[in-house]
Amino acid sequence: MERRKAVRLAAGGEAFVMESLSPQDTWELGKRLGKEAEPGCVICLDGDLGAGKTVFTQGFAAGLGIREPVNSPTFTILKEYEDGRLPLYHFDVYRIGDISEMDEIGYEDCFYGDGVCLVEWPSRIEKLLPKHYVSVSIEQAPEKGFDYRKITVEER
Ligand SMILES: Nc1ncnc2c1ncn2[C@@H]1O[C@H](COP(=O)(O)OP(=O)(O)OP(=O)(O)O)[C@@H](O)[C@H]1O
Ligand SMILES: [Mg+2]
């Protein structure tokens with residue numbers, strides 16, 4: 001119940017779609033959701049390589065008041081940021097080999113703790129995802145231009 005509430009609030013209560021026309025638009029959406037985020041929320045970021053998952057995460061971190069620069073180091077699956085309103089756990093599981101690597105990282109303490117988790121490439125760890133989470137899906141549409149993204153935010 002508690003977790004359900006966290007998910008609802010972070011997604012603004014209902015699903016929505018926005019059209020992003022620039023990295024800044026995507027960053028601002030992330031910032032808005034970062035400002036609203038509740039402890040215990042898990043946000044899954046779907047989208048192809050270069051879709052804007054990390055740009056969203058950078059805005060989200062800013063919304064939490066995190067000043068430390070956020071990026072996606074190639075071989076680091078989990079980065080923690082402690083200097084914001086809530087702890088942020090940024091997972092990029094693109095390069096995960098075996099799912100047991102998640103246990104070694106201690107993912108459960110993050111998913112079921114009092115911080116906020118953002119997960120890039122959640123489909124790689126589908127079995128481990130919590131029952132309820134927020135899905136942020138970033139889709140490109142080449143016919144609409146290089147910087148166009150359709151972003152769907154919904155509860156799962
Ligand atoms: N509307 C947009 N929203 C977000 N990023 C955009 C947009 N338009 C162009 N971009 C560019 O697309 C790139 C997105 O890169 P980013 O690292 O965020 O992607 P990613 O989804 O995290 O990729 P990866 O799967 O490799 O981690 C950036 O270079 C950014 O400037
Ligand atoms: Mg990324």
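**Helix 3, the sheet and the ligand 1 shell**

The buried residues of helix 3 are Lys53, Val55, Phe56, Thr57, Gln58, Gly59, Phe60, Ala61 and Gly63. The model is a predicted one. Helix 3 spans residues 53–63, and 9 of its 11 residues are buried. The helix is thus described as mostly covered. Its buried residues pack against one helix, helix 2 (23–36). They also pack against strand 2 (42–46), strand 3 (78–81), strand 4 (88–92), strand 5 (116–120) and strand 6 (134–140). Just after helix 3 comes Gly65, with a positive phi of about 85°.

The strands form an open sheet. It has 7 strands, in the order 1-7-6-2-5-4-3, and the pairing is mixed. Strand 1 (16–20) and strand 3 are the edge strands, and each pairs on one side only. On average, neighbouring strands of the sheet are turned by 15° against each other, direction ignored. Helix 2 packs on this sheet, where it touches strand 1 and strand 7 (149–155). The direction of helix 2 makes about 145° with that of strand 1. Helix 3 packs on the sheet as well, touching strand 2, strand 3, strand 4, strand 5 and strand 6. Its direction makes about 165° with that of strand 5.

Strand 4 shows both kinds of pairing. With strand 3 it runs antiparallel, and 4 bridges join the two. A hairpin through 6 residues connects strand 3 to strand 4. With strand 5, strand 4 pairs in the parallel sense over 5 bridges. Individual bridges can be picked out. Lys79 has His90 of strand 4 as its bridge partner. His90 in turn has the bridge partner Leu118 in strand 5. For Leu88, the bridge partner in strand 5 is Val116.

Strand 4 is also largely enclosed by the rest of the structure, because 5 of its 5 residues are buried. Leu88, His90 and Asp92 point one way from the strand. Tyr89 and Phe91 point the other way. Residues on both sides are buried.

Many nonpolar side chains gather in a core. The largest nonpolar core holds 35 residues. Val42, Ile43, Leu88, Cys117, Leu118, Val119 and Val136 touch the most other members. Helices and strands both contribute: helix 2, strand 2, helix 3, strand 4, helix 5 (107–111), strand 5 and strand 6 each give two or more residues to this core.

Ile138 offers a closer look at strand 6, where it is placed. Ile138 has 21 C-beta neighbours inside 10 Å, and it therefore counts as buried; the cut-off is 20 or more. Leaving aside residues up to four places away in sequence, Ile138 touches Asp46, Gly47, Ala51, Gly52, Lys53, Phe56, Arg149 and Ile151. Ile138 and Asp46 are 92 residues apart in sequence. In space, their C-alpha atoms are 6.1 Å apart.

Ligand 1 is surrounded by 18 residues. The closest are Thr26, Gly52, Lys53, Thr54 and Asp147. Helix 2 and helix 3 each supply at least two residues of this shell. By type, the shell divides into 5 nonpolar, 8 polar and 5 charged residues. Lys53 links several parts of this description. It is one of the buried residues of helix 3, it is among the residues closest to ligand 1, and it is touched by Ile138.

Technical notes: Residues numbered from 1 in each chain as written. Chains lettered and ligands numbered in written order. Predicted model: local features only at pLDDT ≥ 70, side-chain atom pairs only at ≥ 80, totals over all residues. Buried ≥ 20, exposed ≤ 12 C-beta atoms within 10 Å, placed from the backbone. Contact = placed C-beta atoms within 7 Å. Core = buried A, V, L, I, M, F, W, Y, C linked by C-beta atoms within 7 Å. Near = placed C-beta within 6 Å. Nonpolar A, V, L, I, M, F, W, Y, C, P; charged D, E, K, R; others polar. Pairing = 2+ DSSP bridges. Axes fitted to C-alpha atoms, helices over the stretch in contact; angles between N-to-C directions.
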